[in-house]
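Work through the exercises below with the model open. Try each task before reading its solution.

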Amino acid sequence: MTSSLRNSIHRRNHKERSQLAHRAKFGILEKHKDYVKRARDYHSRQDKLTRLKQKASERNKDEFYFSMTRQKTKGGVHIQDRGNVALPTDMVKVLKTQDENYIRTMRAAGQKKIDKLKAQLSVMANLIGGEELEPEEIAVLQDAGVFPKSLKKQGKAKHIVFVDDEQSARSYTPKTSTSTPTASSSTLQDDIDLGWKTVDDSRTTRRTPKKKDVDVPMSDESTDTSLTNRRRLLRELAARLNRDKQLRYTEREFEMQRQMMGKGARTKLKGVERVDGGKDMEAEDDDDALDARKGKPLLPKQAPKTYTPRVYKWHTERKR
C-alpha cells in the first residue's frame, strides 16, 4: 500500500478524557504527564528532608567556625555582614563639610538665576498694576520678593510737629520739600564771564528734528506672546524657588548632623515636619487647572517629600 492510499483511509481521532460534570469543582482532570510532574516534585522534597535529617543526626555539637560570629539568622533569613568598616568621626565630619560646601555652591548658582528671573519680571510693564495677574502668580511674585507680601501694612510716613499753643497749631503750614528757585539763586546760576573764549554750542551742533511720540496699538499676537513669556518665567521662577528651599533645608540638615557629631548636651526642640500644606491636590482639580491653561499647568507641584530640618538647643557649658 502506497503512502497516498494510507493517508486517505479514515482513522479514529483519540480524544483525551475530560472531567466529569459532577466533579467539575475539582478542576481539570489530571492526566498522566501531570501526575509524573507532581510525583517528581513530591519525591524531591522527601529526598531533601531525608538529607537534612541525616546531616542533623551526624552533626558535631562542638563544631565551630569564626564566620559564625559574623553571621546570624533573623526570622529564618540568613544575615551576613558585608565587612564594611565604620569611618572615624573626624573623617565623617570632613565628608559632611564637603557635602555642605557643594550644596552651598549649587544654591548660590541657583540664586543668581533667580535674581535674573526677578529682574526680567520686574521690568515687564504689565506687572506694575497686578490687575491681570492670577492669585497663584501673585503668590509666586510675593515669595520671590517682587511684590510686597502685605500691602495693608504700608502707609504714609507720619511726622509729628510740636507747637506752643493751639493758635500756632491752627495757623501752622507744613513746609514742602520742593522749593521754587528765587531770584538770588537764579543769578548765581548765570554764567560768570571770566574773560575766556567759549564756543557757542548752538552753532556747532546740528539740530536734529525731534521725533513725535506715536502711540502704536499692540496687536493680539504680541499680547499673547508677552502673556506666554510671562507665564513661562513665572513657572521657572516657582520651580527654582522650590529647589532653593529644598537646598536650604538640606544645607541646614548637613550642618545639624555635623554639630550632632560633636560634644555637648542638647535638647530637641522641634522634629522633622512636612513643608506642604498636608492636603494633596485631587486629580479633578488638576484636570480643571490644566484645561484652564490650555493643557499646561502654571505652577509645578511641590515635591511630596520635603521636610524641614530638626531643631536642637545646646546647653551652655562653662569653659575652663
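Three exercises follow, on a buried acid, on salt bridges and on aromatic pairs.

This is a predicted model, in which local features need pLDDT of at least 70, side-chain atom pairs count only at pLDDT 80 or more, and totals for chains, interfaces and linings use all residues. Residues are numbered from 1 along each chain as its sequence is written, and side-chain values use heavy atoms, with hydrogens and water left out.

**Exercise 1.** Place Glu 251 and list what it is in contact with, leaving aside neighbours within four places in sequence.

Step 1. Find the helix. Glu 251 sits in helix 8, residues 220-260. Helices are DSSP runs of H or I, at least four residues, numbered from the N terminus.

Step 2. Check accessibility. Glu 251 has a relative accessible area of 13%. It counts as buried because buried means under 20%, exposed over 50% and partly exposed in between (1.4 Å probe, protein chains only).

Step 3. List the partners. Glu 251 is in contact with Glu 100, Ile 103, Arg 104 and Arg 107. Contact means heavy atoms within 4.5 Å.

**Exercise 2.** Trace the salt bridges of Glu 251 and Glu 137.

Step 1. Fix the rule. A salt bridge is a side-chain nitrogen of Lys or Arg within 4 Å of a carboxyl oxygen of Asp or Glu. The whole structure has 13 salt bridges.

Step 2. Take Glu 251. It bridges to Arg 104, with the closest N and O atoms 3.3 Å apart. Arg 104 lies in helix 3 (residues 89-122) and Glu 251 in helix 8, so the pair ties together parts 147 residues apart in sequence. Arg 104 is partly exposed at 37%.

Step 3. Widen the view. Glu 100, Arg 104, Arg 107, Asp 244, Arg 248, Glu 251 and Arg 258 are linked in a salt-bridge network.

Step 4. Take Glu 137. Its salt bridge with Arg 230 has closest N and O atoms 3.6 Å apart. This pair links helix 4 (residues 135-144), home of Glu 137, to Arg 230 in helix 8, 93 residues apart. Both Glu 137 and Arg 230 are buried. Arg 231 also meets Glu 137 in a salt bridge, at 4.0 Å, N to O.

**Exercise 3.** Classify the aromatic pairs.

Step 1. Count them. The structure holds two.

Step 2. Take Phe 64 and Phe 66. Their rings are 5.4 Å apart centre to centre, with 70° between the planes: edge-to-face. Rings of Phe, Tyr and Trp (its six-membered ring) pair if their centres lie within 6.5 Å; planes under 30 degrees apart count as stacked, over 60 as edge-to-face and the rest as tilted.

Step 3. Take Tyr 312 and Trp 314. This pair is tilted, at 6.4 Å and 55°.

Key: Helix = DSSP H or I, 4+ residues; strand = E, 2+ residues; numbered from the N terminus.
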